[in-house]
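This report describes a protein chain with its ligands and is written for reading beside the sequence and the coordinates. The text begins with the ligands and then turns to the domains and to selected helices and strands.

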Amino acid sequence: MRGTAQVPASKSESNRALIIQALAEGGHLANLSDANDTQLMQRLLQDSAASEFDAEDAGTVMRFLTAYLAMTGRQTEIRGTARMHERPIGVLVDGLRQLGARIEYTGQEGYPPLRFLGLTPQPATDGEFAELTVRGDISSQYISALLMVGPTLPQGLRIWLTGKVGSRPYIRMTLALMQHFGAQCRDLGEVLEVRPEPYQPTDYTVEGDWSAASYWYAMVALAPAGSHLTLPTLRRHSWQGDQAIVGIMEQLGVHTEFLSNETVRLTQVAPAAALRQDFTDCPDLAQTVAVVAAALGIPAEMTGLESLRIKETDRIAALQAELAKFGGGLTDEGEGVFRVVSDNFHVSGQEVATYHDHRMAMAFAPLALHGPLTIQAPQVVRKSYPQFWRELEKTGFTTDPAPAPVF
Ligand SMILES: O=C(O)C1=C[C@@H](OP(=O)(O)O)[C@@H](O)[C@H](O)C1
Ligand SMILES: C=C(OP(=O)(O)O)C(=O)O
């Protein structure tokens with residue numbers, strides 16, 4: 001395996017930049033992601049008069065747009081796919097209600113769909129900021145959503161975080177982008193503060209997506225000796241926590257060299273005998289790492305996987321079912337510890353179910369380096385990486401059917 005693979009622009013950065021741009025009422029965004037999640041966010045933000053918004057299966061769209069619609073006082077509704085209606089949103093709705101938003105659940109309490117009935121201006125509190133206490137152990141997206149509307153509130157916002165905070169780097173990314181657009185905000189650990197200073201229209205160029213890059217790392221890890229790959233657009237000084245893939249993959253046999261501040265070259269090194277990794281900060285890397293460790297027969301202990309059960313699918317159950325087809329597994333050792341096991345791992349024409357989850361398709365695809373396999377519903381990749389199958393073909397894989405333009 002040799003060559004260059006293009007990764008998409010970061011969907012997390014793109015979707016934050018779009019919300020902030022809408023609140024800043026200006027600024028040019030370059031290199032927005034072609035991910036469906038981003039294209040969707042862009043379309044919905046342009047459709048300001050819609051009586052109903054469909055966030056489809058995009059968590060960031062559902063959560064960020066909910067805060068945006070609520071705090072701009074819109075009277076409208078938001079819904080999503082059947083799976084989205086199983087992904088909780090109560091923590092965010094509670095926070096927005098405390099800030100004066102009138103929101104109703106039109107289905108099950110605590111879950112989308114939602115109806116927005118307008119905004120009741122809140123009397124100024126004694127303190128400097130409007131204050132919220134928000135638990136951080138379900139999704140960081142609620143916290144990012146609240147932070148981004150913070151500059152528009154008359155008193156700004158102070159958020160006290162409680163519980164184990166997952167996906168922290170995504171909160172830092174939110175604050176960094178807000179600051180880029182002129183917001184005055186501070187990360188004090190358990191407390192996050194946003195001053196009531198408006199955003200300034202500012203330009204921003206979105207960086208390449210480190211979560212998407214993880215699948216190329218997986219391919220280099222599983223490729224024949226002597227393989228190497230170049231990935232442009234990945235920033236050395238990134239706001240994305242999923243850059244953690246650099247350190248994790250070093251242990252799984254992939255070395256990263258920064259050819260410049262925006263290009264990496266991946267080469268092979270000897271892998272470690274075992275891996276222990278906490279995914280609290282980088283949950284989207286878990287599937288990639290589990291599959292590679294199983295395929296290489298490297299015992300891996302994985303922790304911090306709590307949020308995986310409420311993503312596009314129950315990713316723990318999906319990994320367990322699909323790894324088993326190859327002679328691998330993910331065993332629940334209790335107290336939040338999962339172990340990747342593999343016994344005579346072999347790839348010989350198995351069919352991988354993808355559970356409406358782009359990351360299931362992309363995490364299992366690299367196994368094709370060890371034998372033929374079928375990925376069901378390959379179009380799921382459009383959520384974050386529509387060109388994925390095309391890029392695979394460019395680096396020497398053969399897919400049947402060949403990637404269609406819709407991919
Ligand atoms: O804010 C974001 O852009 C994201 C935060 C993470 O979600 P959680 O905070 O729910 O873990 C991550 O899994 C998701 O893909 C994108
Ligand atoms: C969990 C993900 O996305 P979201 O929560 O935004 O749907 C993901 O992209 O892996």
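The residues around ligand 2 are Ala58, Gly59, Thr60, Asp284, Lys311, Glu312, Arg359 and Ser384, in a model that is predicted. By character, this shell divides into 1 nonpolar, 3 polar and 4 charged residues. Domain 1 (11-205) and domain 2 (210-394) each supply at least three residues to the shell around ligand 2.

For ligand 1 the surroundings comprise 13 residues, of which Ser12, Ser139, Ser140, Ser167 and Tyr170 come nearest. Two elements, α3 (59-71) and α5 (140-149), give two or more residues to the shell around ligand 1, and α5 gives the most, with 3 residues. At least three residues of the shell around ligand 1 come from domain 1 (11-205), and at least three come from domain 2 (210-394). The make-up of the two shells is set out below, together with that of the side of domain 1 that touches domain 2.

| Set of residues | Nonpolar | Polar | Charged |
|---|---|---|---|
| Shell around ligand 1 | 2 residues | 10 residues | 1 residue |
| Shell around ligand 2 | 1 residue | 3 residues | 4 residues |
| Side of domain 1 that touches domain 2 | 6 residues | 5 residues | 9 residues |

The third row of the table leads to the two domains themselves. The domain assignment of the chain gives domain 1 as residues 11-205 and domain 2 as residues 210-394, and the centres of the two domains, taken over C-alpha atoms, are separated by 29 Å. Where the domains meet, 20 residues of domain 1 are in contact with 17 residues of domain 2. On the side of domain 1 that touches domain 2, the elements giving two or more residues are α1 (11-24), α2 (36-46) and α6 (168-180), and α6 gives the most, with 6 residues.

A residue that deserves a closer look is Asp57, which has its place in the loop between β2 (52-54) and α3. Is Asp57 buried or exposed? Asp57 has 23 other C-beta atoms within 10 Å, and it is therefore buried. Leaving aside residues up to four places away in sequence, Asp57 touches Gly80, Thr81, Arg83, Met84, Glu312, His356 and Lys383. Glu312 belongs to this list of contacts and is also one of the residues around ligand 2. As a distance across the model, the C-alpha atoms of Asp57 and Leu188 are separated by 32 Å, and these two residues lie 131 residues apart along the chain.

Helix α9 (residues 286-296) has 10 of its 11 residues buried, so this helix is largely enclosed by the rest of the structure. Its buried residues are Ala286, Gln287, Thr288, Val289, Ala290, Val291, Val292, Ala293, Ala294 and Ala295. After α9 comes Gly297, whose phi is positive, near 70°.

Among the strands, there is an open sheet of 3 strands with the order β11-β13-β12 and antiparallel pairing. Which strands of this sheet stand at the edges? These are β11 (229-232) and β12 (254-260), each of which has a single partner strand, so one side of each is left without a neighbour in the sheet. Neighbouring strands of this sheet are turned against each other by 25° on average, with direction ignored.

The pairings within this sheet can be followed strand by strand. Strand β13 (residues 263-268) pairs with β11 in the antiparallel sense over 4 bridges, and in β13 the bridge partner of Pro232 is Thr263. On the other pairing, β12 and β13 run antiparallel and are joined by 6 bridges, with Ser260 standing opposite Thr263. Thr263 is thus named in both pairings, as the partner of Pro232 and as the residue opposite Ser260. The connection from β12 to β13 is a hairpin of 2 residues.

A further antiparallel pair consists of strand β16 (residues 328-334) and strand β17 (residues 337-342), which are joined by 6 bridges. In β17, Val341 is the bridge partner of Gly329. The hairpin of β16 and β17 has 2 residues between the strands, and in this hairpin Glu335 takes a positive phi near 50°.

Notes:
Residues are numbered from 1 along each chain as its sequence is written. Chains are lettered from A and ligands numbered from 1 in the order in which they are written. This is a predicted model: local features need pLDDT of at least 70, side-chain atom pairs count only at pLDDT 80 or more; totals for chains, interfaces and linings use all residues. A residue is near a molecule or strand if its C-beta atom, placed from the backbone, lies within 6 Å of it. Ala, Val, Leu, Ile, Met, Phe, Trp, Tyr, Cys and Pro count as nonpolar, Asp, Glu, Lys and Arg as charged, and the others, Gly among them, as polar. Domain bounds come from an automatic or database domain assignment. Two strands pair if DSSP finds at least two bridges between them. Axes are lines fitted to C-alpha atoms, for helices over the stretch in contact, and angles run from 0 to 180 degrees between N-to-C directions. A residue is buried if 20 or more other C-beta atoms lie within 10 Å of its own, exposed if 12 or fewer, and partly exposed in between; C-beta atoms are placed from the backbone. Two residues are in contact if their C-beta atoms, placed from the backbone, lie within 7 Å.
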